Amino acid sequence: MMKNKYSKWLLVVVICMGVAIGGYMYYSSIAIGAHLIMVCGKQIIKKNLMKQLADGLDMFNKSLVARS
């Protein structure tokens, strides 16, 4: 009789631990994915800004050469 009572509680504890671990793993995978997207997004924005700056400097240099 007592063995059956403890085995039910053990089953409940194991299920709760499984749900908790699964929830943690799901949340952490979303957090890692969001972090990677943010880092990649910053790199793309920086790359685009640097390209625009270089294009602007080229246009400025060409206008100076055309004036002289």
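Which residues form a nonpolar patch on the surface of this protein? In this predicted model, the patch is made up of Val13, Met17, Ile21, Tyr24 and Met25. Together these residues have about 550 Å² of accessible area. One of them, Met17, lies in helix α1 and is partly exposed, with a relative accessible area of 48%.

The overall architecture provides the setting for this patch. The protein has 1 helix and 0 strands. Its radius of gyration is 29 Å, well over the 11 Å that the globule rule gives for 68 residues, so the protein is more spread out than a compact globule. The dimensions of the C-alpha trace can also be stated: along the principal axes, the trace spans about 100 × 5 × 5 Å.

The surface may be considered next. Of the 68 residues, 0% count as buried, a residue being buried when its relative accessible area is under 20%. The accessible surface of the protein comes to about 6700 Å², and carbon and sulfur atoms account for 75% of that surface.

Charged side chains also meet along the helix. The count of salt bridges comes to 1, and the partners are Lys51 and Asp55, whose closest N and O atoms are 3.3 Å apart. Where do these two residues stand relative to each other in helix α1? They are 4 residues apart in this helix, which comprises residues 2-67, and are therefore separated by about one helical turn. The two partners may also be described by their accessibility: Lys51 is exposed, with a relative accessible area of 53%, whereas Asp55 is partly exposed, at 36% relative accessibility.

Conventions. Residues numbered from 1 in each chain as written. Predicted model: local features only at pLDDT ≥ 70, side-chain atom pairs only at ≥ 80, totals over all residues. Heavy atoms only, no water. Salt bridge = Lys/Arg side-chain N within 4 Å of Asp/Glu carboxyl O. Buried < 20%, exposed > 50% of the residue type's maximum accessible area, 1.4 Å probe, protein only. Patch = residues over 30% accessible without salt bridge, like charges linked within 9 Å, V, L, I, M, F, W, Y side chains within 5 Å. Areas by Shrake-Rupley, 256 points an atom, 1.4 Å probe, with all protein chains shown as cover. Rg over C-alpha atoms; globule rule 2.2 N^0.38 Å.
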